[in-house]
Amino acid sequence: MGNLLAGKKGIISGALNSESIAWKVAERCVEEGAQIVLTNAPVAMRMGEINSLAEKCNAPVIGADATSLEDLEKLFNSSMEHFGGKFDFVLHSIGMSVNVRKGKAYTDLNYDWMQKTYDVSAVSFHKMMQTMWKLDAVNDWGSIVGLSYIAAQRVFPDYSEMAESKALLESIARSFGYHYGTAKKVRVNTISQSPTMTTAGQGIKGFMDFFNYADKMSPLGNASAEGCANYCVMLFSDLSRYVTMQNLYHDGGFSSMGMSPALIEQ
Ligand SMILES: NC(=O)c1ccc[n+]([C@@H]2O[C@H](COP(=O)([O-])OP(=O)(O)OC[C@H]3O[C@@H](n4cnc5c(N)ncnc54)[C@H](O)[C@@H]3O)[C@@H](O)[C@H]2O)c1
């Protein structure tokens, strides 16, 4: 389609199936001229769907549990071997709540599970960046993006402990963004995306209700996964070189709304 990412190399995590936001990001990055490596947890890779994306994108798939420092080190080293050097962009598109999955109420959380949720959904972002930092794996003026949700700022009761995970994710983006910015001119941002029909999204109780609610509340309607992929391309491209340490709403205007006549009528 274009060449916004011509000559750039990047790593895309989290493409589970064709609904995944990361799946669309991978496709768009390649359309814009990037070379990519795909990664996901070994258990997700066993489902096999990622192989068709890999073929389409002419990309290797390197398994890595994003909570394992050993796996991450292998991922980044193998990626540098594949690219023949450092890379320019990284997408963290990973989230999972154990308590939500097991149907535990927010007022009755299992704290061991909560720790696991934080590790998978937020600390893994730090682990990725710390590992890349130590390996000096990212080119100067590189771009790192994580995906967040507005439950980090406002209450969405069924989002449960994922709200705290996203608040932590956004904070890690700011804190690491400082270090990566001053040392390497690498930028770190999160995109706060509209509710999106994916496996992770639909795991939240009452998802369809709040999908429809957000759609009505947002002047532009919910932002799609394809729209999110375009926004990622822009953030990976040289057109956004001075944007860092931000949580960027990609939500059709939802985050600025107070009241919607369309919803009141309904
Ligand atoms: N779907 C939504 O409504 C929505 C809205 C805002 C933000 N997000 C965020 O977008 C990101 C991507 O989610 P999605 O909606 O595309 O769903 P998805 O289910 O397609 O993607 C989640 C991915 O996380 C991966 N994952 C889980 N545990 C992992 C681990 N230990 N190591 C490596 N990978 C692991 C899964 O295999 C999967 O590919 C998540 O951070 C999610 O919270 C989603």
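Which residues of S1 are buried on one side, and which on the other? In this predicted model, Lys 9, Ile 11 and Ser 13 are buried on one side of the strand, and Gly 10 and Ile 12 are buried on the other, so that both faces are covered, a residue being counted as buried if 20 or more other C-beta atoms lie within 10 Å of its own. Strand S1 is accordingly described as mostly covered, with five of its five residues buried.

The surroundings of this strand may now be considered. S1 pairs with S2 in the parallel sense over five bridges, and Gly 10 stands opposite Ile 36 in S2. Between these two strands the chain passes through helix H1, residues 21-31, in a right-handed β-α-β crossover. S1 is also joined to S4 by three bridges, again in a parallel run; here Ile 12 faces Leu 91 in S4.

These pairings belong to an open sheet of seven strands, arranged in the order S3-S2-S1-S4-S5-S6-S7 with parallel pairing. At its edges are strand S3 (61-63) and strand S7 (247-250), each of which pairs on one side only. On average, neighbouring strands of the sheet are turned by 20° against each other, direction ignored. Toward the S7 edge, four bridges connect S7 with the parallel strand S6, residues 187-193, and Thr 190 stands opposite Asn 247 in S7.

Helices lie across the strands. Helix H4 (residues 69-83) lies across S1, S2, S3 and S4, and runs at about 155° to S2. Helix H7 (residues 162-184) lies across S5, S6 and S7, and runs at about 155° to S6.

Notes
Residues are numbered from 1 along each chain as its sequence is written. This is a predicted model: local features need pLDDT of at least 70, side-chain atom pairs count only at pLDDT 80 or more; totals for chains, interfaces and linings use all residues. Two strands pair if DSSP finds at least two bridges between them. Axes are lines fitted to C-alpha atoms, for helices over the stretch in contact, and angles run from 0 to 180 degrees between N-to-C directions. Two residues are in contact if their C-beta atoms, placed from the backbone, lie within 7 Å. A residue is buried if 20 or more other C-beta atoms lie within 10 Å of its own, exposed if 12 or fewer, and partly exposed in between; C-beta atoms are placed from the backbone. A crossover is right-handed if, with the strands pointing away from the viewer, the path from the first strand over the helix to the second runs clockwise.
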